[in-house]
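The following note was prepared for a colleague who wishes to read the model alongside its sequence. The points are numbered so that each may be checked in turn.

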Amino acid sequence: MPLQVIDAYECAKRLDFRDLVPALADAFARPATVPERHHHALPGGATLLLMPAWSDAGYLGVKWANVFPANADRGRPAVSAAYLLASAETGEHLAIIDGDELTRRRTAAVAALAAGKLARADARTLLIIGAGHVGSVAAEAYAAVRDIEKILIHSRTPANARKLADQLGAEVVADVREAVRQADIVSCATLSEQPIVLGEWLRPGTHVDLIGSFRPTMREADAAALQRARVFIDSEAALHEAGELADADIPAPGLLSDLCKGKIDGRQSSEDITLFKTVGTGLADLAAAVLVHRQE
């Protein structure tokens with residue numbers, strides 16, 4: 001079988017969120033092996049990530065991602081990645097996939113998957129904090145799990161917020177506190193090192209997704225937000241990689257895989273505040289890559 005080479009455009013076409021979210025739910029519910037990622041600090045605050053995974057579905061793969069936060073000041077993407085998919089039965093390489101688009105869409109889809117398990121069934125107002133690479137597809141992802149009627153956009157760069165709002169027919173908000181108080185779902189996709197969402201702002205019933213931060217020095221919400229919430233994570237790596245968790249004195253978070261397997265409860269009442277923290281997992285990358293490959 002010839003090796004597939006999938007560019008960003010084709011990758012996006014093959015990762016419709018209506019297909020990707022269910023594929024991720026299935027992957028998190030199935031047996032899989034996800035070794036701890038190789039996490040290397042590079043000069044200038046950059047990071048090299050190597051993320052392997054394999055599953056009983058017959059595939060294995062690895063993502064190589066370079067994360068350069070300073071690229072935002074250069075007008076360049078913060079993340080550059082590639083994914084190599086292979087057969088777990090023969091070891092033969094099957095596809096090289098644009099890792100930037102794969103990461104972008106699986107990141108938003110994992111958050112949407114969690115929201116599908118945790119947000120109120122009647123959640124209608126979505127606040128997106130961060131109008132960058134991931135934030136720009138967040139609305140499409142959440143629309144796969146909830147009937148979103150109102151979208152609010154907040155960004156530290158007003159021009160980016162306006163551009164995205166124009167594309168979505170959304171409202172730009174400057175006062176993040178008031179926006180958080182209006183939202184049913186708060187989706188935070190930034191590389192902030194200072195809390196943006198404060199626990200005192202959260203009203204009962206709110207669901208919060210913290211998508212952007214992935215290092216101990218980063219945090220998108222304060223300790224009070226986690227202390228007020230029932231907290232869930234995408235992998236145990238979040239326990240030592242997420243700055244928010246380092247700050248908060250909370251019970252052990254629930255795992256997304258256990259939610260998908262039905263081993264633990266998600267939202268228990270309409271008054272619950274729920275919070276999902278993702279730092280990214282090789283299992284989600286693998287599931288997305290398999291979905292791309294199968295649509296050849």
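**Notes on the predicted model**

1. The central item for review is an open sheet of eight strands, paired in parallel and ordered β10-β9-β8-β11-β12-β15-β13-β14. Its edges are occupied by β10 (171-172) and β14 (254-255); each has a single partner strand, so one side of each is left without a neighbour in the sheet. The model is a predicted one, and the remarks below should be read accordingly.

2. At the β10 edge, the partner strand is β9 (residues 150-154), which runs parallel to β10 and is joined to it by two bridges. Within this pairing, I153 has V172 of β10 as its bridge partner. As background, the strands of a sheet pair through backbone hydrogen bonds, in either a parallel or an antiparallel sense.

3. Strand β12 (residues 207-210) merits separate attention. To one side, β11 (residues 185-188) pairs with β12 in the parallel sense over four bridges, and I185 has H207 as its bridge partner in β12. Four bridges also join β12 to β15 (residues 274-277), again in parallel; here L210 is matched with K277 of β15.

4. Are the faces of β12 covered or open? Both are covered: H207 and D209 on one side, and V208 and L210 on the other, are all buried. The buried set on this strand therefore includes the charged-type position D209 as well as V208 and L210.

5. A separate pairing involves β3 (residues 38-41) and β4 (residues 47-55), which are antiparallel and share four bridges. H40 stands opposite L48 of β4. The two strands form a hairpin with five residues between them, and in that turn G44 has a positive phi of about 75°.

6. P69 belongs to the loop between β5 (59-67) and β6 (79-87). Its relative accessibility is 26%, so P69 counts as partly exposed, given that the partly exposed class lies between 20% and 50%. Beyond its neighbours within four places in sequence, P69 is in contact with G45, A46, A78 and L191. The C-alpha atoms of P69 and P43 are separated by 12 Å, the two residues being 26 apart along the chain.

7. Helix α3 (residues 99-118) contains T107, and T103 is also placed in α3. Why does T103 count as buried? Its relative accessibility is 13%, and the cut-off for a buried residue is under 20%. Leaving aside neighbours within four places in sequence, T103 is in contact with K63, A81 and D285.

8. T107 is likewise buried, with a relative accessible area of 8%. The side chain of T107 makes a polar contact with the side chain of R106 at 2.9 Å. Not counting residues up to four places away in sequence, T107 touches V134 and I211.

9. Helix α4 (residues 135-142) is mostly covered, as six of its eight residues are buried. The buried positions in α4 are G135, V137, A138, A139, A141 and Y142.

10. On cysteines, how many disulfides are counted in the model? The count comes to zero, the criterion being a pair of cysteine sulfur atoms within 2.5 Å. C188 is buried at 0% relative accessibility, and C260 is buried as well, with a relative accessible area of 16%.

11. Turning to the model as a whole, the protein has 11 helices and 15 strands. Of its 296 residues, 54% are buried. Among contacts with a separation of 6 or more, 67% are between residues 24 or more positions apart.

12. Overall dimensions complete the description. A compact globule of 296 residues would have a radius of gyration near 19 Å, and the 18 Å of the protein agrees with this. Along its principal axes, the C-alpha trace spans about 55 × 45 × 35 Å. The accessible surface comes to about 12900 Å², and carbon and sulfur atoms account for 50% of that surface.

Notes. Residues are numbered from 1 along each chain as its sequence is written. This is a predicted model: local features need pLDDT of at least 70, side-chain atom pairs count only at pLDDT 80 or more; totals for chains, interfaces and linings use all residues. Side-chain values use heavy atoms; hydrogens and water are left out. Buried means under 20% relative accessible area, exposed over 50%, partly exposed in between (1.4 Å probe, protein chains only). A polar contact is a pair of N or O atoms within 3.5 Å; within protein, one must be able to donate a hydrogen and the other to accept it, and residues adjacent in sequence count only if both atoms are side-chain atoms. Contact means heavy atoms within 4.5 Å. The radius of gyration is taken over C-alpha atoms; the globule rule is 2.2 Å times the number of residues to the power 0.38. Accessible areas come from the Shrake-Rupley method with a 1.4 Å probe; for residues, only the protein chains shown count as cover. Two strands pair if DSSP finds at least two bridges between them.
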